[in-house]
Every structure is written in structure tokens, then in C-alpha cells.
Amino acid sequence: MTIRSQLAPPERTALRLGFLRLSDSAPLIMARELGLYQKYGLQVDLLREVSWANVRDKLVSGDLDAAHMLAPLPLATALGAGGMRADMITALVLSLNGNAITVSPGLALEIAGRGGDPLQSARSTATALGRYLRETTPQPELTFATVHPFSCHTFQLRLWLQAGGIAPERDVRIIVLPPEQMVDSLARGIIDGYCVGEPWNSVAVQYGVGAVQVTGHQVWNNAIEKVLGVTAQWHKLHPGTHLRLRLALMEACTWLAHPANRVDTARILAQPEYLDMPRDQLLPSLTGQLQFVKGQPARELPEFHVFGRYQAGFPWRSHGEWLLQQTGAVLGKTLAPERIKALVQQTFRTDLYREAARYLDLPCPSGDYKPVNRHNSAWELEPGIELGPDMMLEEWL
């Protein structure tokens with residue numbers, strides 16, 4: 001008996017999914033290319049959006065059925081932060097890691113001149129940036145950009161700055177730009193640096209307008225990044241369709257976990273209907289060969305993007321609680337632990353992930369929480385459940 005024959009009929013088969021021009025949209029795109037939506041009886045239109053606010057608004061309004069989404073955004077939207085409130089859920093994490101912080105060549109020289117070495121550690125470049133700000137009179141006015149106030153990009157940038165003794169609210173400006181506007185804004189001097197997903201760090205390096213100072217993996221090993229987001233109301237009306245969609249995407253993530261498939265992935269993502277950009281700009285991060293500075297050798301980073309490995313798809317509620325704590329920090333408010341716990345339980349649907357994993361006969365954690373900042377190599381949570389390193393602001397040397 002096939003998996004499909006065991007499933008309840010879908011409430012609807014024609015779906016509209018949103019995505020942005022980012023390498024970690026690969027699960028949505030490869031599920032289509034591999035025929036996985038069709039395998040589960042779904043007809044999916046992939047719609048390329050320009051900003052995360054667009055994605056959120058179209059999900060809430062019903063213009064999209066589901067979307068590739070920033071991990072904190074379902075929580076922030078359910079909280080009512082950012083101008084719109086709606087109950088949203090995620091039952092599948094699409095990817096871990098995938099971000100980097102890139103600065104202008106001039107600022108990279110100032111950091112290097114004070115001993116900052118991106119190949120050494122996140123703290124190395126952060127400390128050097130802090131010295132540059134404190135030792136220069138008058139203090140330089142630096143502007144950084146991230147993709148949304150409530151994003152892992154903002155949280156990782158803030159952690160990196162704080163590691164250098166820099167107060168994000170006082171010592172620098174942080175603005176929001178769509179991912180694909182980052183490189184142009186850096187080249188024009190509108191901003192001095194940014195935290196963004198790939199391929200926009202590699203594009204800046206290849207054009208010679210930016211230099212990577214730290215990867216998201218250095219700030220937090222195997223951090224949650226993108227999720228499959230739907231509204232709670234949409235799930236309530238379409239539980240069978242939602243399950244089929246998760247199954248298709250989980251199979252795509254398993255396929256993407258094999259390094260041998262990444263070159264083909266870059267070729268497909270490069271096509272005009274998807275990311276519409278040169279394959280050479282997509283290859284570095286997907287193949288784990290990231291160049292930090294133009295003209296210098298690439299660094300081996302096999303876990304720059306993690307799909308389907310280390311239980312990557314599981315929506316850990318411990319991750320959700322951390323994301324809401326950081327959301328509160330951006331808002332300047334301390335959210336009560338009870339409120340955080342309730343909102344995460346409502347939004348991060350571990351029960352729905354386990355439902356899909358059972359159909360695919362995939363191992364699944366028995367608990368919803370895991371420790372953070374304790375393991376610098378792969379480790380076993382329980383028999384058959386291997387997790388990745390989880391250190392924050394690690395030293396490489």
C-alpha cells in the first residue's frame with residue numbers, strides 16, 4: 001500500500017505557495033522539480049515575492065495558501081508585533097543556518113586593521129568592530145540592514161554586535177531591506193553592512209562590493225532559519241492538504257540533504273522562473289564552498305545550509321521560546337515566560353510534524369525541547385536521534 005493511498009483526500013489540490021529569491025527556498029522548488037507535489041495529489045503554483053512583509057500579508061489575507069517563511073514570523077504575527085495579528089502555525093522547519101554578515105570593503109579593512117579575522121571566530125571580528133567604534137573620533141555612524149525586524153538575521157546581527165561590546169540600539173542603526181536590495185544598497189554606500197541569507201553574501205563578494213565577516217553558523221550552530229508557514233484557520237479547513245504538502249516538502253528536504261544533489265539544485269534554482277540569477281552565484285553556499293573575500297580561497301563549510309539532517313525539520317519548542325525572547329528584546333519588552341510558552345505551544349506544532357514523520361517512517365524526537373550551547377559536535381539526544389552542534393559564538397581555532 002502506498003503512502004498516498006493511506007491518506008485522507010485533500011480538501012483542495014490547487015495551492016499557491018510564496019517564496020523569496022533565496023537559496024534556502026530550495027525545498028519548495030525541488031519538490032516541484034522532483035514531482036513530489038504531484039506524488040501527493042497537489043498542483044502547486046510557486047509565487048516569487050519581494051519581501052517578507054509581503055509574504056506575511058498575503059498569507060493572512062488568503063492570497064497564499066502557505067509559504068517559505070522566516071522562523072520568528074509566525075510567532076511575531078501571532079503576538080501582534082509588526083503591525084498585523086493573526087494566528088499562524090508551523091509544523092515543519094525547512095532549513096537550518098544559511099545566513100552571513102557582510103560589510104563594505106572599507107569597513108572590512110578597519111576590522112582587519114584591528115585584528116579581526118573572519119576565519120578565526122565570530123568574536124574576533126565583533127571585537128575588532130567594537131574597537132573601531134570606540135577608538136575613532138568622532139564615532140563612525142554605521143548603518144546595518146536585516147530583512148525583517150523579527151528575523152533570525154536581526155537576532156544574529158544583534159548577538160554579533162553585542163559580542164563586540166556594541167549596543168545595537170545605541171551604537172549603530174539597523175534598518176530593514178528586502179534581501180535582493182542588500183547588495184545594491186551596500187555598493188551605493190546607503191548601508192555599511194547587512195545580515196542576509198544566500199546568495200546575497202556571495203553576490204557581494206563576487207562583485208567585490210562586500211566581505212563576509214561571520215556566518216550565521218558561527219553565531220549559532222544549526223540555528224532554525226526558514227519554516228513552512230500557514231494560518232491556523234487555513235490548517236483547520238485543510239488538514240489533509242496540509243499533511244500532503246508537508247510530506248512532499250519533507251521528501252524534498254531529505255533529497256537536499258545529500259551533498260551530491262546540490263550542484264543540480266543550483267542549476268535548477270538559477271532558472272528564470274525561480275531565482276533567475278547565474279548558477280555561479282548559487283553554488284558557493286549550496287556546495288559549502290563559501291568565499292569570504294573576492295580573490296581569496298573559499299572556505300569549506302559543509303553545514304552552511306542544513307536540510308533534512310540533524311532532525312532539521314522538527315519545530316523545537318525550545319527554539320520557539322528563544323525566538324520569542326529575542327523578539328521581546330527587539331521590542332524592548334520582557335515577555336512573561338507563561339505567555340511565551342503558551343504562544344509557542346500554539347504556533348510550533350510538533351504534533352503535526354510527528355504525524356507526517358510517521359507516514360514517512362522517519363525517526364522523531366520524543367520531547368519538544370532540547371539544550372542549546374552545550375555541544376560542539378554532532379551528538380545523540382536519544383537512540384536514533386542525532387543532532388548537530390549547537391554552540392553560540394564559537395571559536396574556530
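User: Which residues meet in a salt bridge here?
Analyst: The side chains of Glu180 and Arg21 do, at 3.2 Å from N to O. A salt bridge here is a side-chain nitrogen of Lys or Arg within 4 Å of a carboxyl oxygen of Asp or Glu. Keep in mind that this is a predicted model, where local features need pLDDT of at least 70, side-chain atom pairs count only at pLDDT 80 or more, and totals for chains, interfaces and linings use all residues. Residues are numbered from 1 along each chain as its sequence is written, and side-chain values use heavy atoms, with hydrogens and water left out.

User: OK, switching topic: what are the domains?
Analyst: Domain 1 covers 3–96 + 225–290 + 301–387, and domain 2 is 99–219. Those bounds come from an automatic or database domain assignment.

User: How far apart are their centres?
Analyst: 26 Å, taken over C-alpha atoms. The contact (heavy atoms within 4.5 Å) takes 35 residues from domain 1 and 26 from domain 2.

User: And how many salt bridges and polar contacts cross the interface?
Analyst: The rule finds one salt bridge between domain 1 and domain 2, plus six residue pairs in polar contact, both residues at pLDDT 80 or more. A polar contact is a pair of N or O atoms within 3.5 Å; within protein, one must be able to donate a hydrogen and the other to accept it, and residues adjacent in sequence count only if both atoms are side-chain atoms.

User: What mix of residues is on the domain 1 side?
Analyst: The side touching domain 2 has 21 nonpolar (Ala, Val, Leu, Ile, Met, Phe, Trp, Tyr, Cys and Pro), six charged (Asp, Glu, Lys and Arg) and eight polar residues (the others, Gly among them).
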